[in-house]
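Here is a short report on one protein model. It starts from a single residue, widens to the whole chain, and then returns to selected sites.

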Amino acid sequence: MQYTPILSMPDTKDPYFISKSAGGLNPGIPRKTGSTLPFANCVFFALGAYAKHWGVWLPSTNAENLCDAAQKMGLPISQTPQLGALIVWAVGKVGNGADGAGHVGSVEKINADGSIVTAESGWNASKAFWTTTRKRGTDGNWGQRSTYRFLGFILPPEQSDTQLTHALREGDKGAEVELMQARLAAKGYMRRNEVDGDFGLITLGAVLAFQMKNGLTVDGICGPATRAKLT
């Protein structure tokens, strides 16, 4: 699927950014602010952007719940950005909308210096669409203000189709390690912020715990039997 970044206001007739109730495709709840488009709502825009890029609709929910919803759909969550991924933050306790609903944007460009350009909207925002250049920063929060907490990137669905093909062990690094970690995180053996593509001690402990729980040989190596249980 060809990737075309969204770096300017979508067309007013684009069905990905029109609600189902208005004849479009978007399952989210738009929030009108007097702009030409009704999606002044970060989730509504992000759902449309992700579906437009990848053909997959995430459920309409508070932004901070999107990582959990994505994992249930088999989509990996990463700490490393990719084009077309969604970047998600929480406010307060995840799942408690009363203390804040979080924020989400779409990664539309990755720069040579490691910064990213996100396309965003916001509930009750003064405008319906904007782009932001963000850097990870020492706090790991990708430039969002301190009341927000970075949760991760919801990767494109094509990453879910990647297969674990090699025996992975402590010291290994790369995309397969990150996929293994994402699957361990989805099953509750790792935290999302520990998914980094580096098979270190935390990952080793998660693999050992997973093997013990599932009656596998407890050797800390993600070989064929462990891979089969993870997929």
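## The surroundings of H103

Leaving aside neighbours within four places in sequence, H103 is in contact with C42, A63, I87, V88, W89, E120, S121, Q144 and Y148. The model is a predicted one. H103 lies in strand β3, which covers residues 103-110.

Is H103 buried or exposed? H103 has a relative accessible area of 9%. The cut-off for buried is under 20%, so a residue at that value counts as buried. The side chain of H103 also makes a polar contact with the side chain of E120, at 2.8 Å. E120 is thus named twice: in the contact list of H103 and in this polar pair.

## Overall architecture

The protein has 5 helices and 6 strands. From the N terminus, the order of elements is α-α-β-β-β-β-β-β-α-α-α. The radius of gyration is 18 Å, close to the 17 Å that the globule rule gives for 231 residues, so the protein is as compact as a globular protein of that length. The C-alpha trace spans about 60 × 40 × 35 Å along its principal axes.

Of the 231 residues, 48% are buried. Contacts between residues at least 6 apart in sequence were also sorted by separation: 57% of them join residues at least 24 apart.

## Surface and charge

The accessible surface of the protein comes to about 11,000 Å². Carbon and sulfur atoms account for 51% of that surface. The protein carries 23 positive and 19 negative charges. The mean positions of these two sets are 6 Å apart.

## Two buried phenylalanines

F39 sits in the segment before α1, a helix that spans 42-54. Its relative accessible area is 0%, and F39 is buried. Beyond residues up to four places away in sequence, F39 touches M9, P10, F17, R31, F44, F45, S121, A128 and F129. S121 appears here and also in the contact list of H103. F39 and V195 are 156 residues apart in sequence and 31 Å apart in space, C-alpha to C-alpha.

F199 is in the loop between α3 (175-186) and α4 (201-213). Its relative accessibility is 1%, and F199 counts as buried. Which residues does F199 touch, not counting those up to four places away in sequence? They are L168, R169, E170, G171, D172, V177, M180, L204, V207 and G220. V177 is one of these contacts. F199 and V177 are 22 residues apart in sequence, with their C-alpha atoms 6.5 Å apart.

## Positive phi outside glycine

What is the phi of N124? It is near 60°, a positive value in a residue other than glycine. N124 is found in the loop between β4 (116-120) and β5 (130-134).

W142 also has a positive phi, near 55°, and is likewise a residue other than glycine. W142 is found in the loop between β5 and β6, the latter at 149-154. W142 is buried, with a relative accessible area of 1%.

Terms used:
Residues numbered from 1 in each chain as written. Predicted model: local features only at pLDDT ≥ 70, side-chain atom pairs only at ≥ 80, totals over all residues. Heavy atoms only, no water. Helix = DSSP H or I, 4+ residues; strand = E, 2+ residues; numbered from the N terminus. Buried < 20%, exposed > 50% of the residue type's maximum accessible area, 1.4 Å probe, protein only. Rg over C-alpha atoms; globule rule 2.2 N^0.38 Å. Contact = heavy atoms within 4.5 Å. Areas by Shrake-Rupley, 256 points an atom, 1.4 Å probe, with all protein chains shown as cover. Lys, Arg positive; Asp, Glu negative; His and termini not counted. Charge placed at Lys NZ, Arg CZ, Asp CG, Glu CD. Polar contact = N/O pair within 3.5 Å; in protein donor to acceptor, adjacent residues only side chain to side chain.
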